[in-house]
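Trainee: Before we go any further, can you walk me through how these labels get assigned? I'd like to see the reasoning behind each one.

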Amino acid sequence: MAEHVCPVWIGYLLASPLRKLFQNPRKMLSPHVKEGMKVLDIGCAMGFFSLPLAEMVGFKGKVICVDVQAKMIESLERRARKAGLSDRIETRLCRGNSLGLDELKEKIDFALASAVVHEVPDAAVFFSEIHDTLKPTARFLVAEPKGHVSEKDFEVTISIAEENGFKVIDKPKVGKSRVVLLERV
Ligand SMILES: C[S@@+](CC[C@H](N)C(=O)[O-])C[C@H]1O[C@@H](n2cnc3c(N)ncnc32)[C@H](O)[C@@H]1O
């Protein structure tokens, strides 16, 4: 696990509905997520994005939520049960140095990594593993917090994504974030 992984108490703050005032999951994700899709939410924490994603993919879709911390996953599972969305959400506890998604090769329609890349120990491995799960031309939205990630560091992240099989499609504007929309090439 990376040394600077997000503490669980921050997970509660990140799941706050007040965050929707500047980061609205539906607005950010509805252009990319359709009913019936199989979606990845990497570094899902307590599910600020996972639950809206589960609503968007509908009863025929699936959201695969991956995190390195068991307490984040447990909280997400409780929140999903409460929202009646457990059947659309699959949770996975991963190791810090691998997402462990080998059997999902080319099965995923869309992936999200919000506020995660700066916490992973090796961004090249991270992008390469996600690349392998995506269907050809599937999209991957990466958001990083402006407070933790400089513009220069975000450009480095984008270069690593490009070196690992992605091209840049767009840089959407989202509050307090640096965001890039990638496509699998
Ligand atoms: C800052 S939180 C962001 C949570 C969520 N994506 C959001 O935007 O609300 C980062 C999350 O990524 C997880 N994480 C950190 N390193 C990871 C890794 N190597 N693999 C998977 N998850 C990781 C942390 O445990 C934490 O839950």
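Trainee: What makes the pair formed by Gly-96 and a nitrogen atom of the ligand a polar contact?

Mentor: Keep in mind that this is a predicted model. A backbone N or O atom of Gly-96 sits 3.1 Å from that ligand nitrogen. The cut-off for such a pair is within 3.5 Å, so this one counts. Gly-43 also brings in a backbone N or O atom, at 2.7 Å from a nitrogen atom of the ligand. With Arg-19 the side chain supplies the N or O atom, and its partner is a ligand oxygen at 2.7 Å.

Trainee: How much of the ligand's area does the protein bury?

Mentor: On its own the ligand exposes 600 Å², and 97% of that is buried by the protein.

Trainee: Which residues are closest, and what classes make up the shell?

Mentor: There are 22 residues around the ligand, with Arg-19, Gly-43, Asp-67, Gln-69 and Ser-114 the closest. By class, the shell holds 15 nonpolar, four polar and three charged residues.

Trainee: Switching to Ala-161, why is that residue called buried?

Mentor: Its relative accessibility is 1%, and buried means under 20%, so Ala-161 qualifies.

Trainee: Where does Ala-161 lie, and which residues does it contact beyond its neighbours within four places in sequence?

Mentor: Ala-161 belongs to helix H6, residues 151-163. Setting those sequence neighbours aside, Ala-161 touches Phe-127, Phe-166 and Leu-182. As for His-131, 30 residues away along the chain, its C-alpha is 9.1 Å from that of Ala-161.

Methods: Residues are numbered from 1 along each chain as its sequence is written. This is a predicted model: local features need pLDDT of at least 70, side-chain atom pairs count only at pLDDT 80 or more; totals for chains, interfaces and linings use all residues. Side-chain values use heavy atoms; hydrogens and water are left out. Helices (H or I, at least four residues) and strands (E, at least two) are DSSP runs, numbered from the N terminus. Buried means under 20% relative accessible area, exposed over 50%, partly exposed in between (1.4 Å probe, protein chains only). Contact means heavy atoms within 4.5 Å. A residue is near a molecule or strand if one of its heavy atoms lies within 4 Å of it. A polar contact is a pair of N or O atoms within 3.5 Å; within protein, one must be able to donate a hydrogen and the other to accept it, and residues adjacent in sequence count only if both atoms are side-chain atoms. Accessible areas come from the Shrake-Rupley method with a 1.4 Å probe; for residues, only the protein chains shown count as cover. Ala, Val, Leu, Ile, Met, Phe, Trp, Tyr, Cys and Pro count as nonpolar, Asp, Glu, Lys and Arg as charged, and the others, Gly among them, as polar.
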